[in-house]
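This report is written for a reader who has not met the structure before. Please look through the sequence and the model first.

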Amino acid sequence: MTIGLIGCGKMGSALTLGAIKKGVFEPNQVLAYDPVPESIAALGDGISAAKSLAEVIQESDVLLLCVKPYQVSEVLAKIPALVESPDKLLVISIAAGVKIETMEESCNHQARIVRTMPNTPALIGEGAAAFALGKKATDADADFTEKLLGSIGIVYGVKESLLDTVTGLSGSGPAYVYTFIEALADGALLEGLPRDQALALATQTVLGAARMVADSGEHPSVLRDRVTSPGGTTIAGLAALEEGAFRSTAINAIKAATKKARELGR
Ligand SMILES: NC(=O)c1ccc[n+]([C@@H]2O[C@H](COP(=O)([O-])OP(=O)(O)OC[C@H]3O[C@@H](n4cnc5c(N)ncnc54)[C@H](OP(=O)(O)O)[C@@H]3O)[C@@H](O)[C@H]2O)c1
């Protein structure tokens with residue numbers, strides 16, 4: 001199987017190198033193309049550089065489409081003239097907001113399409129992603145996509161309409177968490193803790209708590225109740241969060257970002 005990587009930027013490189021590391025495919029199965037040759041070379045030994053976009057499309061069984069959203073249609077429009085059998089090619093797109101229907105039309109339905117929504121922590125192998133299948137995509141395509149995205153984090157198959165919610169949650173979510181970490185550190189700074197210590201302790205607290213949720217399998221409310229003693233410090237802090245409408249603010253953030261993702265996709 002030949003894997004064609006189109007666009008060797010941040011996400012394309014992370015996805016390809018993550019999949020190689022986890023044994024989803026071998027470096028010598030990858031044929032990569034990017035207008036900047038240094039970006040291909042930076043992927044490392046064993047990966048072949050294609051001379052043109054046409055070469056990647058013609059030679060590949062799977063295309064990892066990792067260009068910016070506005071470049072997607074232009075790439076897909078080349079497929080009909082280059083691919084002999086309409087069932088040969090699987091295209092896995094990571095472009096935010098570009099709908100399956102748009103991609104299917106761009107390639108004149110001459111490829112099986114999978115649309116995915118990864119997030120930036122994928123760059124360090126801690127991604128949270130989802131994907132939706134196009135009309136012609138098969139169960140085997142879903143399995144391959146799960147293995148691919150599973151190599152750089154967790155992944156779920158969803159209905160395409162829910163990819164907007166995934167965008168609002170895990171796509172935009174890292175920015176909410178960065179803001180939360182910064183705010184926690186600011187609070188400690190206000191109380192006199194040195195800036196670097198405040199930031200390090202806030203970061204590790206978020207990391208550790210997230211790890212507790214992920215590894216224990218317990219609901220967050222159960223873990224929270226365990227550390228919240230009657231009349232103690234934690235309930236005093238939680239009451240202050242409630243006063244600031246912390247939960248409904250977080251819920252509204254997901255609603256607002258999902259709405260925006262829907263609008264951008266129209
Ligand atoms: N970063 C994220 O958090 C994130 C999350 C979810 C989804 N995504 C999606 O991931 C995609 C890539 O994002 P990125 O952050 O990796 O961007 P990036 O670093 O700019 O990478 C895109 C690469 O594709 C190259 N390229 C442009 N046109 C091409 C063509 N016709 N053929 C082959 N390569 C081409 C670009 O070259 P030039 O620089 O010369 O144009 C660039 O090297 C986007 O569609 C984005 O929506 C990103």
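What follows describes some helices and then the cysteines.

The model is predicted, so local features need pLDDT of at least 70 and side-chain atom pairs count only at pLDDT 80 or more, whereas totals for chains, interfaces and linings use all residues. Residues are numbered from 1 along each chain as its sequence is written, and side-chain values use heavy atoms, with hydrogens and water left out.

Helices and strands are DSSP runs (H or I, at least four residues, for helices; E, at least two, for strands), numbered from the N terminus. The axes of helix H8 (residues 163–171) and helix H9 (residues 173–190) come within 5 Å and cross at roughly 30°, which makes H8 roughly parallel to H9, a term for angles under 35 degrees. On the H8 side the contact (heavy atoms within 4.5 Å) is made by Gly 168, Leu 169, Ser 170 and Gly 171, and on the H9 side by Gly 173, Pro 174 and Tyr 176.

Among the residues of H8 that are buried (under 20% relative accessible area, 1.4 Å probe, protein chains only) are Leu 163, Asp 164 and Val 166. The cover over the buried residues of H8 includes strand S6 (112–117), strand S7 (127–133), H9 and helix H13 (246–265).

Turning to the cysteines, a search of the whole structure finds 0 disulfides, a disulfide being a pair of cysteine sulfur atoms within 2.5 Å. For both cysteines in the table, the closest cysteine sulfur is too far for a bond.

| Cysteine | Relative accessible area | Closest cysteine sulfur |
|---|---|---|
| Cys 8 | 5%, buried | 8.3 Å, in Cys 66 |
| Cys 107 | 0%, buried | 16 Å, in Cys 66 |

Technical notes:
Axes fitted to C-alpha atoms, helices over the stretch in contact; angles between N-to-C directions. Parallel < 35°, antiparallel > 145°, perpendicular 65-115°, else oblique. Buried < 20%, exposed > 50% of the residue type's maximum accessible area, 1.4 Å probe, protein only.
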